[in-house]
Amino acid sequence: MRRSLKRVSVLSVALMVAAVLAACGGSSKKSSSATTTSGGGSSANLSVSSFTSDFSAMSQLKGLAGQGKGLVGVLLPDTTTSARYVSFDAPYLTKAFQTAGFTQFKVDNAQGSASTMQTQAEADITSGASVLIVDPLDSGSGAAIENNAVSKGVKVIDYDRLTKGGPADRIYVSFDNVKVGQTIGNGFVDCVKSWNVAKPNVLVMDGDPTDNNAGLFSQGYNGVLKPHFDDGSYLKVGEPAGTWTPSVAQTTFAQQYTAHPNINSVVTPNDDNANAVISYLQSKQIKPKTFPTTGQDASKSGLQNILKGFQCGTVYKPIYLEAQAAAAIALYLRAGQTPPSSLVNATTKDTQQNTDVKSVYLTPSWVNIDNMQQTVIKDGAVKVSDICVADTQAACTAAGIK
Ligand code: GAL
């Protein structure tokens, strides 16, 4: 036990302890709150618009959380392709479950290894998991995990990324990912105008093709950019093989920029990849507000690059929405109930199986200097002190970010 505990994250250890305490009745203090509608699990009729940054909707699920049995296991992919998994997904999923008075859950991160995720899933099932929330590294490994889980009676949620080839009755919780891509495309077009880039020579840098989302993002921004390429107002210099690994993105960009020194803008769906490109641009003394780049995830580095005039904006996906939606669906499934249609508001095509997967779609938004205060700061997604630092303080002051 002790040896296997060492392998899981500190967070997982804390959560496992909480789960054991709960199983022994040790956390009855927390779950016996006055608002509990015991036995009335289906009384809460949540919709996608119920969730807010104070997590208050989750407390309506206390009755539901008291029904059913078994652990809810969360499997996150990595810690390097985006700050989101450590900074947002893990803490917000934790908060969502805890606000529902539910302690029998465990959050693991596979650190970029599909076999680690497989091992974590098996450990969850051995510990009696009844629901798994899976954000796969790629569809193949995700489908193996999910189909094995379902064969053992475990319910499955695809979290953020669709697992192509997954079990028929899984539920997918995500943002509308084509819309994420369109938001990036529209943000880029606006930025090109406001930074007066007369003729954008664009390098399109996609995400990792093994991630189903990467294709959807690309569909979104390429759809917005196509008329500009077609009418000759923009030039698409290239669209090299995609990645979520920032160091690979930097090497790719350096090669492309050396081969095509006319590149003066980059469309990418990731703040960390943008950051790698921007570091390279800064080493070449490129000036602010001359070379539009884009991003996603409202990471601290992305927001700082926006303030410095090296990135136009970022897609902000309030992860507190996604975490609460996934935790709510998990509690419905664990209690043996069908989640309400006000929550499961969409379907997504699994193109591998040609099936429709019931889905929860949340809405992304574009954050730039003008609305940073009203969005990420207001929501508490980042602190002013995280983004208003020596290099960016003047821009923060000018934009009224405080
Ligand atoms: C996507 C995810 C993004 C970003 C990216 C790299 O699937 O939706 O938010 O994190 O992976 O990890």
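**Cavities and nonpolar cores**

Sorted by class, the residues lining the second largest cavity are seven nonpolar and three charged, with no polar ones. Here Ala, Val, Leu, Ile, Met, Phe, Trp, Tyr, Cys and Pro count as nonpolar, Asp, Glu, Lys and Arg as charged, and the others, Gly among them, as polar. The model is a predicted one, in which local features need pLDDT of at least 70 and side-chain atom pairs count only at pLDDT 80 or more, while totals for chains, interfaces and linings use all residues. Residues are numbered from 1 along each chain as its sequence is written, and side-chain values use heavy atoms, with hydrogens and water left out.

That second cavity holds about 70 Å³ (the space filled by probe spheres set on its grid points, which are joined across faces, edges and corners). A cavity here is a set of points, on a 1 Å grid over the protein atoms alone, where a 1.4 Å probe fits but cannot get out; lining residues have an atom within 4 Å of a point. Its lining is made up of Arg84, Phe88, Tyr92, Asp297, Tyr316, Lys317, Pro318, Ile319, Tyr320 and Ala381. Helix α5 is the top contributor, with three residues, and α13 (319–334) also supplies at least two; helices are DSSP runs (H or I, at least four residues), numbered from the N terminus. Domain 1 (56–176 + 318–362) and domain 2 (178–317 + 365–399) both put residues into this lining, so the second largest cavity lies between them. The domain bounds come from an automatic or database assignment.

Altogether, three cavities reach 30 Å³ or more. The largest has about 110 Å³ of space and 15 lining residues, with Tyr85, Arg161, Trp244, Asn270 and Asp297 nearest its centre. Two elements, α5 (84–99) and α9 (212–230), give two or more residues each to that lining. By class, the largest cavity's lining splits into four nonpolar, five polar and six charged residues. Both domains contribute to it too, so the largest cavity also sits between domain 1 and domain 2.

As for nonpolar cores (buried Ala, Val, Leu, Ile, Met, Phe, Trp, Tyr and Cys joined through side-chain atoms within 4.5 Å), the largest has 83 residues, and Phe97 and Val376 have the most contacts inside it. Buried means under 20% relative accessible area (1.4 Å probe, protein chains only). Helix α13 gives the most to this core, 13 residues, and each of the two domains provides at least three. Leaving aside residues up to four places away in sequence, Val376 touches Ala298, Leu303, Tyr316, Val367, Ala381 and Val382 (heavy atoms within 4.5 Å). A second, separate core has 14 residues, including Ala110, Ile125, Ile145 and Ala149.

Key:
1 Å grid on protein atoms, 1.4 Å probe; cavity = no way out; pocket = protein on both sides within 12 Å on 5 of 7 lines; lining within 4 Å. Buried < 20%, exposed > 50% of the residue type's maximum accessible area, 1.4 Å probe, protein only.
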